[in-house]
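Visitor: Hi! I'm new to this one, could you walk me through it?

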Amino acid sequence: MQLTLHVTNQCNIRCKYCFVARGPERMPLEVAKAAVNLGMKDVKTTGILFYGGEPLLERQLIYDTVEYTQALKKETGHTFYYKMTTNGVLLDEEFLKFSQKINLTIGFSHDGPVQDECRVFHDGEGTAAVLDEKIPLLLKYQPYAVGMSVVDPTTVHKASKIVKFLYRRGFKYITINMNYDPAATWTKELLAVLESEYEKIADMYVRLTKAEEKIYLSAIDVKILSHLKGEKYHSDRKLMSKNQPSIAPDGKIYLGSRYLNEEFFQIGDVFNGIDTEKQNYLFEKGDEIPSQCRECAILPRCNYAYGSMRLDGENIIPDITGFQCAHEQLITPIADRAAEKLFKQKSAMFIHKHYNEMYPVMSLVEDIGVV
């Protein structure tokens with residue numbers, strides 16, 4: 001099981017596209033401990049994702065929670081692994097040494113050349129200058145840290161430049177997410193721009209892979225994976241989603257982060273456990289295919305046709321937007337063409353990466369050997 005601990009709703013910057021409801025809520029240590037106890041039930045391995053708001057505003061809670069898990073590990077032999085998503089402003093050498101010691105993986109949010117347009121301090125000042133010194137520090141301790149960005153209708157024309165920025169700064173794992181907020185206006189013209197930007201990103205992926213450079217671009221690699229897994233892609237995603245409940249600062253458990261604080265999608269609390277009957281009911285409802293998706297050729301590979309739902313009055317209805325649908329139909333053939341080029345050219349890196357189950361382990365051993 002992997003738990004997402006929303007340790008605070010507070011944040012030290014203001015991102016124009018942020019969907020998290022801001023407030024004074026902070027997670028007490030007793031809630032975090034109860035969540036850990038729950039996450040250990042009937043499993044041998046538990047993942048903990050520290051999330052916010054900005055989780056480093058609750059640095060001591062992270063320290064104390066990890067200390068608690070380490071004591072449990074020593075007592076029971078249970079295995080824990082840790083992740084955190086941060087805007088990076090509060091990263092320092094002390095925390096990075098701590099993260100290295102416990103093998104805590106960091107996702108670093110940065111929008112590259114449009115950082116100061118999208119991610120500013122509360123007084124309106126840009127954050128890029130502060131983060132310039134944080135990136136090399138982070139990668140010094142975590143060469144596999146994930147560079148994460150959000151593409152918005154106002155910045156879509158620079159999507160490929162965002163990816164290039166992160167790669168040139170040293171990130172090998174790069175994730176770009178679309179702004180799916182209903183308030184974000186995606187027009188046909190902007191979709192055409194997005195398609196062009198994805199083509200540039202795919203060209204970059206092909207070029208670097210042919211050059212035997214290690215790089216993971218989520219937009220491309222996830223779609224390649226969806227082809228290789230076929231029908232199993234959806235079932236694996238569903239299982240992963242079911243094993244990733246989100247814990248609010250007050251200890252209430254929700255189906256996932258997107259449903260946080262939506263009462264109908266609460267499935268328990270950390271002190272009384274998960275209501276498995278309600279959890280299973282919601283997952284079954286989320287597994288119902290929207291009528292407009294049933295004849296779609298890429299249905300098994302879609303990231304949104306399954307599990308996207310909302311409450312409409314007393315009814316649960318699918319919650320897939322026109323932009324989400326258009327996005328999936330746009331990115332899938334682009335990724336397929338990139339994969340086809342590399343496969344036909346017998347790229348050793350591509351074939352090794354996608355067809356050798358031992359690749360992650362071998363890659364890590366290789367890199368450690370280089371170091």
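Visitor: Where does lysine 346 sit?

Guide: Lysine 346 is in the loop between α12 (322–344) and α13 (348–355). Please keep in mind that this is a predicted model.

Visitor: Is lysine 346 buried or exposed?

Guide: Lysine 346 is exposed, since its relative accessible area is 67%, and the cut-off for exposed is over 50%. Its backbone is worth a look too: phi of lysine 346 is near 55 degrees, a positive value in a residue that is not glycine.

Visitor: What other residue has a positive phi although it is not a glycine?

Guide: Try aspartate 42, with a positive phi of about 65 degrees. You'll find aspartate 42 in the loop between α1 (29–39) and β3. Because its relative accessible area is 74%, aspartate 42 counts as exposed.

Visitor: Okay, and which peptide bond is cis?

Guide: The one from glycine 52 to glycine 53, with omega near 20 degrees. Glycine 53 belongs to the loop between β3 (45–51) and α2 (59–76).

Visitor: Let's talk pockets. What lines the second largest pocket?

Guide: Aspartate 42 turns up again here, as Asp42. The rest of the lining is Met1, Leu38, Lys41, Val43, Lys242, Asn243, Gly273, Ile274, Thr276 and Gln279. β13 (273–274) and α11 (276–286) each give at least two residues to that lining.

Visitor: How much space is in there, and how do the lining residues divide?

Guide: The second largest pocket holds about 270 Å³ of space. Its lining residues divide into four nonpolar, four polar and three charged.

Visitor: How is empty space like that found, in general?

Guide: A probe the size of a water molecule is rolled over the atoms, and that shows where empty space is left.

Visitor: New topic: the inside. How many residues does the largest nonpolar core have?

Guide: The largest nonpolar core has 92 residues. Leu5, Phe50, Phe95, Phe171 and Tyr198 are those with the most contacts inside it. Helix α8 (residues 188–210) contributes the most to this core, with nine residues.

Visitor: And what lies apart from that core?

Guide: Another core, made of seven residues, lies apart from it. Cys293, Leu299, Cys302 and Ala305 are among them.

Visitor: Why would nonpolar side chains be buried together?

Guide: I can only give you the general pattern: in soluble globular proteins, nonpolar side chains tend to be buried together.

Visitor: Fair enough. What does phenylalanine 95 touch?

Guide: Leaving out residues up to four places away in sequence, phenylalanine 95 touches Leu56, Arg59, Ile62, Tyr63, Met84 and Ile106.

Visitor: What about lysine 83, where is it and what does it touch?

Guide: Lysine 83 is in strand β4 (residues 79–86). With residues up to four places away in sequence not counted, lysine 83 touches Gln2, Ile48, Leu49, Phe50, Leu104 and Thr105. Take leucine 104: it and lysine 83 are 21 residues apart in sequence, and 5.2 Å apart in space from C-alpha to C-alpha. Lysine 83 counts as partly exposed because its relative accessible area is 35%.

Visitor: Can you show me a serine that is buried?

Guide: Serine 109 is buried, with a relative accessible area of 13%, where the limit for buried is under 20%. Serine 109 lies in strand β5 (residues 104–109). Setting aside neighbours within four places in sequence, serine 109 is in contact with Thr85, Thr86, Asn87, Arg119 and Met148.

Visitor: Now helices. How do α9 and α10 pack?

Guide: Helix α9 (residues 218–229) and helix α10 (residues 232–242) pack at about 115 degrees, and their axes are 7 Å apart. Val222, Leu225, Ser226 and Lys229 in α9 meet Lys232, Tyr233 and Asp236 in α10. That contact has three nonpolar, one polar and three charged residues.

Visitor: Histidine 234 is in α10 too, right there in the helix. Why does it count as buried?

Guide: Histidine 234 counts as buried because its relative accessibility is 17%. Beyond residues up to four places away in sequence, histidine 234 touches Asp287, Pro300 and Tyr306.

Visitor: Last one: where is serine 257, and what is it in contact with?

Guide: Serine 257 is in the loop between β11 (252–254) and β12 (266–269). Apart from neighbours within four places in sequence, serine 257 is in contact with Thr4, His6 and Ser246. At 28% relative accessibility, serine 257 is partly exposed.

Key: Residues are numbered from 1 along each chain as its sequence is written. This is a predicted model: local features need pLDDT of at least 70, side-chain atom pairs count only at pLDDT 80 or more; totals for chains, interfaces and linings use all residues. Side-chain values use heavy atoms; hydrogens and water are left out. A nonpolar core is a set of buried Ala, Val, Leu, Ile, Met, Phe, Trp, Tyr and Cys residues joined through side-chain atoms within 4.5 Å. Buried means under 20% relative accessible area, exposed over 50%, partly exposed in between (1.4 Å probe, protein chains only). Helices (H or I, at least four residues) and strands (E, at least two) are DSSP runs, numbered from the N terminus. Contact means heavy atoms within 4.5 Å. On a 1 Å grid over the protein atoms alone, a cavity is a set of points where a 1.4 Å probe fits but cannot get out, and a pocket is an open set with protein on both sides within 12 Å along at least five of seven lines; lining residues have an atom within 4 Å of a point. Grid points are joined across faces, edges and corners, and a volume is the space filled by probe spheres set on the points. Ala, Val, Leu, Ile, Met, Phe, Trp, Tyr, Cys and Pro count as nonpolar, Asp, Glu, Lys and Arg as charged, and the others, Gly among them, as polar. Axes are lines fitted to C-alpha atoms, for helices over the stretch in contact, and angles run from 0 to 180 degrees between N-to-C directions.
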